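Biologist: Please take me through one part of this model in close detail. I would like to follow the side chains step by step.

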Amino acid sequence: MRLLGSVMEHLRHAVLAYAVLLVALVLTLLASYYVRENVEASARVRFEDTVQTSQEAIGRRLARYINVMFGARGLFSASSEVTEEEWRGFVNSLDLQERYEGIQMMGYARAEGPGSYPITYAEPMDRANRGLVGYDPYLMAADRATMDRARDTGEVELTGKTFMLTEAPRGSLSDLVLQKGVIAYLPIYRKGEPRGSVAERRRALEGYVVSYLPTDRVLEGILNESYDSSVDIEVYDGAGLTPKNLLYDEDGIQRASEAQASSGSSGGTFAEVTELPAGRPDGRFSLGNSVPLDVEGREWSLYFETLPGFERGENTRLPLFVLLSGLGVSLLLFGVTYMLVRARLLAEEAGAGLEEANRELEVTNRELEAFSYSVSHDLRAPLRSIDGFSQILLEDYADELDEEGKDYLGRVRAASQRMGRLIDDLLGLSRVTRAALRREQVDLSSLAHEVADGLRESRPDRAVEFEIEDGIEVHGDPRLIRVALTNLLGNAFKFTEKEERARISFGEDRRLSHLGRVAVYYVRDNGAGFDMEYADKLFGAFQRLHGASEFEGTGIGLATVQRIVRRHGGRVWAEGRVGDGATFYFTLRSGLQIDPSRTQVREEAEAR
């Protein structure tokens, strides 16, 4: 039960992360499916273009060969009798080897009587064709049926698959080889005799134009030019895609038979694979299709199937890449979301602890404020009594006191008054630390002018020259910034008291602002200055570098300035020389990119 409770608690806190994971996985699957469909559609379009292009190219090639036969028939129509020389000249003019490489032999079979059509002329007269002269194809049943159809229709007719002797390629052991092919027959009728009906055509028959067409030679060149080499094509005589009917297969592997066996059908689409693997033992991307082709009234079947190189033309791995990438991104989103949820929970816990700490701090601050008020009140009362009774003694018993007694009472009064100022400064420093920071746009130049005017009014007997740069604005707490400026300008005013021509300036140091990437302001005077060896003591509470007899003060002012500057995120530092004045630099936001101590060292080196 404890384990179940832990699991439920985990799910309750991480439900958003798991929801993001689920949505990301669903989107990944949809994207992978969409990409896969696009890849498959692109492959189908490319495959179908290849099928259509090849089908049209084969039809055009065969039409050229048929037109050559009609040209031969025209030769007989133009002449009363075609001699062997005329026939040889006609065939040679065709340049069969270059222009009609698929025609092995073009011949003429003359009618010698009923049922006798021996081949009279055969060109070109090579070793394979020489034996055909005198051969009567009408004696063969398949040829006889084809010749009868041609006689009755008056058009070219093709036999089914047959074998014919052709010259062997170079390097072969034998001179002649058997090749698969078909024989085309075109009837020739006697001039002047009617042939409008089948009976008239039979009576007018004079002979046949015969063409031997080895299918390897007919299809080889055209297929290399017209279709994608990564698609295999097989040509069959008739609708049966069996080795018995195979007319052409470039690579010698009969894929149609394999597809037929795996699909259980003998035609149409054998394999249209759109996933990996699908329907193939090797698991590769594969498309296959069988289409019919009408060749002069005889049906051929063209079977197309993609080869292993076909998928390289398609982004077949893109769906897998999208799927794996999507899974990776989904897990990354899950991890990020889970971390954010975890961080939110920790932040809520920390926030709760912080709220508790803030409440405790507020209580402590209130208690401290009450304590400070109480201490201030309790300390001020005896100080007022000491100062008051000392004054009474000086006024009422002045005749009875000698000069030494009066001096002692004056010192008592001065000490009590200094103690009162010290208490006021401590309370001010405490308020600076505890008060809430309220930022707004502050005109620093105007504040400096106001403070300077107040200092002049406090000592009208002094002639002090104030140089205050106009147009300086900052974003901060106007009350605290006024306190800081009052202390800085007040210090400068105090420590130039012994100068006949006192000068105090306030502005922005453009060079340091450029180097530090943060606005740096300064308060500079030509007063007493200080020894840089003791610069680190300037901003400590009750730390003084001059005696009370030289310059009055409690040592709280610069500590107050430092706390105000730090509350704004800034820094404050000072530079000076004894008898040569001092410069106090400060910023009112974070991000200062320079080290003030190193800047001072570099400036001293440049001065030397």
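Modeller: What follows is a close look at one helix and its aromatic rings, then a few other spots.

First, the ground rules. This is a predicted model, so local features need pLDDT of at least 70, and side-chain atom pairs count only at pLDDT 80 or more, while totals for chains, interfaces and linings use all residues. Residues are numbered from 1 along each chain as its sequence is written, and side-chain values use heavy atoms, with hydrogens and water left out.

Start with helix H2, residues 84–94. Helices here are DSSP runs (H or I, at least four residues), numbered from the N terminus. Four residues to find in H2 are Trp 87, Phe 90, Val 91 and Leu 94, which are buried. They span an arc of only 95° around the axis, so they sit on the same side of H2. That arc is taken from the directions from the helix axis to the C-beta atoms. Buried means under 20% relative accessible area; exposed means over 50%, and partly exposed lies in between (1.4 Å probe, protein chains only). Trp 87 counts as buried because its relative accessibility is 0%. Phe 90 is buried too, because its relative accessible area is 18%.

Now the rings. The whole structure holds 14 aromatic pairs. In one of them, the ring centres of Trp 87 and Phe 90 are 6.0 Å apart and the planes meet at 40°, so this pair is tilted. Rings of Phe, Tyr and Trp (its six-membered ring) pair if their centres lie within 6.5 Å; planes under 30 degrees apart are stacked, those over 60 are edge-to-face, and the rest are tilted. Trp 87 and Phe 90 are three residues apart in H2, so about one helical turn separates them. Both join Phe 76, Tyr 108 and Tyr 121 in one aromatic cluster. Just past the end of H2, Asp 95 takes a positive phi of about 55°.

Rings elsewhere have charges over them. Arg 524 lies over the face of Tyr 522, 4.4 Å from the ring centre. The charged end of Arg 144 sits over the ring of Tyr 138, at 5.9 Å from its centre. The test asks for NZ of Lys or CZ of Arg within 6 Å of the ring centre and within 35 degrees of the ring normal.

Last, try another helix. In H14, residues 557–567, the buried residues include Leu 558, Val 561 and Val 565. Gly 569, just after H14, has a positive phi of about 85°.

Terms used. Helix = DSSP H or I, 4+ residues; strand = E, 2+ residues; numbered from the N terminus.
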